[in-house]
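Hi,

Here is the structure I promised to pass on. Have a look at it first, and then read on for what turned up.

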Amino acid sequence: VFSAALSGRPQIFVMNADGANVQQVTRDDEAAAAQPAVSPDGKHVVYQKGKTGEIGIWRAGIDGADPRALTSGGYDLLPVFSPDGRFVYYHTPASGTPQVFRVSIDGGTPEKVGDKYFRPAAVSGDGKWLLGNTWDAKARRTAFARLSIDGNTLEVLPDLPVMTQAIGPGPDRLTFLRNTEKGWMLSVRDAAGAVRDLYTLTDNLFAFAWSRDGKTLAVARGTTASDV
C-alpha cells in the first residue's frame, strides 16, 4: 500500500508484492492523500488527506470502500495503528511543537497523549511505547526516542539521530535510516540495543516497510533533481 501521484494529486494505491494488479484506493481531485498505514487485520487503511494548511486523518477499507474522516479542522500528520487496531496515533505540529493525539478507528473525539515534543512513527509490539522522533536539547539535534503510551515518560535513545524508522523485522526490532562515515545506512536495532547494518544507500530512500512475516522489506527509492 503506497501513495503516488500517478494522475495529478497524490492518492493511495494497493498492489501485489511483485508490482502487479495496481488498484487505486482513494479518489479525490481536490485533496492529496498520503502516508498510508494498514490495520493489523489488513481490512483498513488510514492516511492523511487534505490541502495546504488543513490536513485530517481518514480511514477507508483496503479496497477504498466507505472512506470517512477521523479528524478534521487541523493539521494532523503521519497516522500509525496500535497493535490491536483499535486506535490511530498521529501528531499535530501546534505552534511548531509536535503534539501526539490518538483517535478511535471508529472516529470520535481525539485524545491528547501527554504534552511531550514527539512525532510518532510506530507503536511497539507490546503496545506500551510509541516510537519516533523528539528534540534532544542536550545534543541540539533531532533524536530517536520512545514515549510511553500514556504520554508521561519520554526516553531519548542514545546514538540514534534518525529521521525515518519502521517496526520490523518482527515486533521487537526497529529498522532505521542513519548517517554514517560510509554514507546513509539502513540498519536494524534489536530489543537489547544491538545494531546491525543492512546496506549502504547509493541513492535516496524515501520510505520503507517490512512485510508482516518479516522476510521482505519494501522500499521507495530513487533520485531527486531540482532547478534554482
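In what order do the four strands of the open sheet that contains β16 and β19 come? The order is β16-β17-β18-β19, and the pairing is antiparallel. Before I go further, please keep in mind that this is a predicted model.

**The β16 to β19 sheet**

The edges of this sheet are β16, residues 165-167, and β19, residues 195-200, and each of them pairs on one side only. From one strand to the next, the twist averages 30°. If you want to check the register, go to β18, which covers residues 183-189 and is joined to β19 by five bridges, with the two strands running antiparallel. A handy marker there is Leu186, which sits opposite Tyr199 of β19.

**The β12 to β15 sheet**

There is also an open sheet of four strands in the order β12-β13-β14-β15, again with antiparallel pairing. Which strands stand at its edges? They are β12 (119-123) and β15 (154-156); each has a single partner strand, so one side of each has no neighbour in the sheet. The twist here averages 35° from one strand to the next.

Working inwards from β12, four bridges tie this strand to β13 in an antiparallel pair. Val123 has Leu130 of β13 as its bridge partner. The hairpin of β12 and β13 has five residues between the strands, and within this hairpin Gly127 takes a positive phi near 75°. On the next pairing along, β13 (residues 129-136) is joined to β14 by eight bridges, also antiparallel. Leu130 turns up again here, standing opposite Leu147 in β14.

As for β12 itself, is it mostly covered or mostly exposed? Mostly covered: four of its five residues are buried. For a contrast, try Thr142, which is found in β14. Thr142 has 22% relative accessibility, and because buried means under 20%, Thr142 counts as partly exposed. The C-alpha atoms of Thr142 and Arg102 are 23 Å apart, with the two positions 40 residues apart along the chain.

**Nonpolar cores**

Which residues make up the largest nonpolar core? There are 10 in all: Val80, Phe87, Tyr89, Val100, Val113, Phe118, Val123, Leu130, Ala145 and Leu147. Two of the strands that each supply at least two residues to this core are β9 (87-94) and β14 (141-148). So the bridge partners Val123 and Leu130 are also core members. Val123 touches Val80, Phe81, Ser82, Pro83, Tyr89, Trp129, Leu130, Ile149 and Ile167, leaving aside residues up to four places away in sequence. Another core of nine residues lies apart from the largest one, and includes Ile57, Tyr90, Val103 and Ile105.

**The largest pocket**

This may be the part you open first. The largest pocket has a volume of about 2200 Å³. Which of its 50 lining residues are the closest to the centre? Those are Pro36, Ala37, Phe208, Ala209 and Trp210. The elements that give two or more residues to the lining are β1 (2-4), β4 (32-38), β8 (77-81), β12, β16, β20 (204-210) and β21 (217-222).

β20 and β21 are worth a look as a pair: six bridges join them, and they run antiparallel. Phe208 has Val219 as its bridge partner in β21, while Leu205 stands opposite Arg221 in β21. Their hairpin has six residues between the strands, and Gly214 takes a positive phi near 75° in it.

**A loop residue**

Last stop is Arg9, in the loop between β1 and β2 (11-14). Is Arg9 buried or partly exposed? Arg9 is partly exposed, at a relative accessible area of 41%. The residues touched by Arg9 are Ala4, Asp29, Glu30, Ala31 and Ala32, not counting those up to four places away in sequence. The C-alpha atoms of Arg9 and Asn152 are separated by 38 Å, and the two residues are 143 apart along the chain.

Over to you, and shout if anything is unclear.

Cheers

Terms used: Residues are numbered from 1 along each chain as its sequence is written. This is a predicted model: local features need pLDDT of at least 70, side-chain atom pairs count only at pLDDT 80 or more; totals for chains, interfaces and linings use all residues. Side-chain values use heavy atoms; hydrogens and water are left out. Two strands pair if DSSP finds at least two bridges between them. Axes are lines fitted to C-alpha atoms, for helices over the stretch in contact, and angles run from 0 to 180 degrees between N-to-C directions. A nonpolar core is a set of buried Ala, Val, Leu, Ile, Met, Phe, Trp, Tyr and Cys residues joined through side-chain atoms within 4.5 Å. Buried means under 20% relative accessible area, exposed over 50%, partly exposed in between (1.4 Å probe, protein chains only). Contact means heavy atoms within 4.5 Å. On a 1 Å grid over the protein atoms alone, a cavity is a set of points where a 1.4 Å probe fits but cannot get out, and a pocket is an open set with protein on both sides within 12 Å along at least five of seven lines; lining residues have an atom within 4 Å of a point. Grid points are joined across faces, edges and corners, and a volume is the space filled by probe spheres set on the points.
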